[in-house]
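Q: Could you take me through one part of this structure slowly, as you would for someone in the first year of study? I would like a close look at the aromatic rings inside the protein and at the strands around them.

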Amino acid sequence: MSHSSQIATGNLFGRVLSRLQDRLGMAMLVFVFVFAGVPAVLAHEFKVGDIEVEHPWSRATPAGAKVAGGYFTIVNKGSAPDRLLSISSDISAKAELHEMGVKDGVMTMRPVEGGLEIPAGGKVTLGPGAYHIMFMDLKQPPKEGQMFAATLTFEKAGTVTVEFAVQAIGSAPPQEDND
């Protein structure tokens with residue numbers, strides 16, 4: 001191979017390598033931007049007084065659905081119990097705290113009267129098949145990838161507005177941090 005063909009081959013290899021590095025760099029940049037927001041959606045928290053509300057989420061609903069569920073974990077960092085009294089949201093005409101359970105092999109769901117106690121130094125998780133929020137008479141359906149606001153009212157801590165991250169229909173609950 002002549003010296004000039006070695007230089008031409010070297011330049012060609014250098015150009016190909018440079019293009020590959022540019023594409024990999026662009027791919028990494030896209031990857032960073034796409035996945036940078038994921039922890040924020042999965043790990044969003046809200047605080048009022050001694051109460052922290054972790055990971056509010058909901059599922060998208062099929063067309064024509066009139067109800068949607070809302071789920072989150074409430075952590076009481078205080079030395080006295082508190083109570084979740086009510087919830088409201090612009091997404092629905094009404095929102096209620098419900099409890100699901102199984103009695104004699106029959107699944108039941110009923111509103112929780114008098115609010116939900118959050119023990120001092122404890123936590124309560126609202127999730128599918130347990131305590132949960134029912135958003136009733138939906139004004140607009142929750143759509144996957146979107147967020148919607150709701151206001152929680154606690155007996156002692158007061159009110160806090162939280163944002164529910166809407167996941168796919170039938171999706172599993174987000175994984176909790178073990179901190």
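A: Before the strands can be discussed, one term is needed: two strands are said to pair if DSSP finds at least two bridges between them. Please also keep in mind that this is a predicted model.

The overall layout comes before the detail. The protein chain has two helices and eleven strands, and, read along the sequence, both helices come before the strands, in the pattern α-α-β-β-β-β-β-β-β-β-β-β-β. Of the 179 residues of the chain, 33% count as buried. Among the contacts with a separation of 6 or more, 67% are between residues 24 or more positions apart. The chain exposes about 10900 Å², and carbon and sulfur atoms supply 58% of that area.

Strand S4 (residues 82-88) shows how strands are joined here. With strand S7 (residues 116-118), S4 pairs in the antiparallel sense over three bridges, and one of the residues involved is Asp82, whose bridge partner in S7 is Ile118. S4 is also joined to strand S10 (residues 147-154) by four bridges, and these two strands again run antiparallel. In that second pairing, Leu84 has Phe154 in S10 as its bridge partner.

Phe154 leads us to the interior, since the largest nonpolar core has 29 residues, and Phe154 is listed with Val53, Phe72, Phe135 and Leu152 as the members that touch the most other members. Of these, Phe72 is the one to follow closely. Leaving aside neighbours within four places in sequence, Phe72 is in contact with residues including Val53, His55, Leu84, Leu152 and Phe164. Phe72 has a relative accessible area of 2% and therefore counts as buried, the limit being under 20%.

Now to the rings themselves. A pair of aromatic rings is described by the distance of the centres and the angle of the planes. A search of the whole structure finds five aromatic pairs. One of them is formed by Phe72 and Phe164, an edge-to-face pair with 6.0 Å centre to centre and 65° between the planes. This pair links distant parts of the chain, as Phe72 is in strand S3 (residues 67-76) and Phe164 is in strand S11 (residues 158-167), 92 residues apart. Phe164 is buried as well, with 0% relative accessibility. Phe164 also pairs with Phe135: the ring centres are 5.5 Å apart and the planes are at 85°, so this pair, too, is edge-to-face. Here Phe135 belongs to strand S9 (residues 132-138) and Phe164 to strand S11, and the two residues, 29 apart, again link distant parts of the chain. Phe135 is likewise buried, with a relative accessible area of 0%. Through such ring pairs, Phe72, Phe135, Phe148 and Phe164 are linked into a cluster.

Finally, one of the contacts of Phe72 deserves a second look, namely His55. His55 lies in strand S2 (residues 51-59) and has a positive phi of about 55° although it is not a glycine. Asp104, also a residue other than glycine, has a positive phi near 55°, but the settings of the two can be contrasted: His55 is buried, with a relative accessible area of 7%, whereas Asp104 is exposed, with 75%. Asp104 is placed in the loop between strand S5 (92-103) and strand S6 (106-111).

Methods. Residues numbered from 1 in each chain as written. Predicted model: local features only at pLDDT ≥ 70, side-chain atom pairs only at ≥ 80, totals over all residues. Heavy atoms only, no water. Core = buried A, V, L, I, M, F, W, Y, C linked by side-chain atoms within 4.5 Å. Buried < 20%, exposed > 50% of the residue type's maximum accessible area, 1.4 Å probe, protein only. Contact = heavy atoms within 4.5 Å. Areas by Shrake-Rupley, 256 points an atom, 1.4 Å probe, with all protein chains shown as cover. Phe/Tyr/Trp six-rings, centres within 6.5 Å; stacked < 30°, edge-to-face > 60°.
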